[in-house]
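Student: Before we discuss assignments and thresholds, may I see the structure itself?

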Amino acid sequence: MAQAQPEPAQLAKAVQEIENLDAMRSGLAAYLEDAAEPPTAETMKQVCKPVGMKAMQLSKENGWQVKQLAKKYRNPAHKPDSLAATNALSTFEQSPELMGFWEKETLNDQTGTRYYRRITVEASCLACHGLKGNRPQFVKDNYPQDLAYNFKVDDLRGMYAVFIPDSVQQSVQTALSE
Ligand code: HEC
């Protein structure tokens with residue numbers, strides 16, 4: 001019986017989109033860190049929220065499910081969503097050199113491929129993910145359950161998780177063979 005294989009073009013695209021997304025966050029955080037003016041409450045919100053919005057947009061455009069997941073999460077929507085995801089975070093913890101990997105998975109009764117990519121803490125992240133007492137006021141106010149602080153540079157912050165359902169891959173293959 002033919003088994004759906006990870007479709008190279010879809011995976012390659014997912015890998016590239018996640019690199020772009022991660023670079024976007026690094027750029028926004030660095031911009032905030034280097035700004036001459038002290039950041040306002042509004043500019044402060046313009047680092048990780050837009051990453052979440054872009055992830056939703058990528059999901060819609062591609063028929064994927066793009067998420068950020070972390071054991072120490074700030075937004076409870078980013079809690080690990082399956083045993084496989086929890087294991088993937090442990091794998092990244094145990095293998096500091098590992099940048100990413102994918103595996104066949106079933107998510108919400110759909111078979112597919114899930115691509116995981118490490119998120120590493122940079123110096124510019126510490127303004128909001130550093131010492132608990134140093135977090136900006138809007139973080140303290142808006143995230144009462146916050147766990148995403150006390151990080152150090154090079155710590156594992158979390159991971160991106162892109163689920164590509166087999167049905168998306170099949171529809172691409174069908175379109176190509178028509
Ligand atoms: C200006 C403050 C600020 C900076 C700087 C910042 N973050 Fe965040 N971060 C947040 C907020 C606020 C959230 C929650 C966003 C939401 O509600 O989706 C968040 C969420 C996240 C998440 C999603 C998981 C979770 O905990 O909810 C990751 C991953 C993340 N940040 C990584 C980083 C990295 C990596 C950097 C540095 C490159 C960084 N952050 C810099 C404020 C910041």
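Tutor: The model is predicted. In it, 27 residues surround the ligand, and the closest are Cys48, Arg74, Asn75, Cys125 and Cys128.

Student: What makes a residue count as near the ligand?

Tutor: The criterion is a C-beta atom, placed from the backbone, within 6 Å of the molecule. In this model 27 residues surround the ligand.

Student: Which elements each supply at least two residues of that shell?

Tutor: Helix H1, helix H3 (49–62), helix H5 (126–129) and strand S4 each do so. H1 gives the most, with 4 residues.

Student: What classes of residue make up the shell around the ligand?

Tutor: The shell has 14 nonpolar, 8 polar and 5 charged residues. Cys counts as nonpolar, Arg as charged.

Student: How do you know that S1 and S4 pair?

Tutor: Pairing requires at least two bridges. S1 and strand S4 (residues 156–165) are joined by 5 bridges, so the requirement is met. The two strands run antiparallel, and Val66 stands opposite Val162 in S4.

Student: Where does helix H1 pack?

Tutor: Helix H1 (residues 8–34) packs on the sheet, touching S2, strand S3 (110–120) and S4. The direction of H1 makes about 150° with that of S4.

Student: What is the strand order of the sheet, and why is one side of S1 and of S2 left without a neighbour?

Tutor: The open sheet of 4 strands has the order S1-S4-S3-S2, with antiparallel pairing. Strand S1 (65–69) and strand S2 (100–107) stand at the edges, each with a single partner strand, so one side of each has no neighbour in the sheet. From one strand to the next, the twist averages 25°.

Methods:
Residues are numbered from 1 along each chain as its sequence is written. This is a predicted model: local features need pLDDT of at least 70, side-chain atom pairs count only at pLDDT 80 or more; totals for chains, interfaces and linings use all residues. Axes are lines fitted to C-alpha atoms, for helices over the stretch in contact, and angles run from 0 to 180 degrees between N-to-C directions. Two residues are in contact if their C-beta atoms, placed from the backbone, lie within 7 Å.
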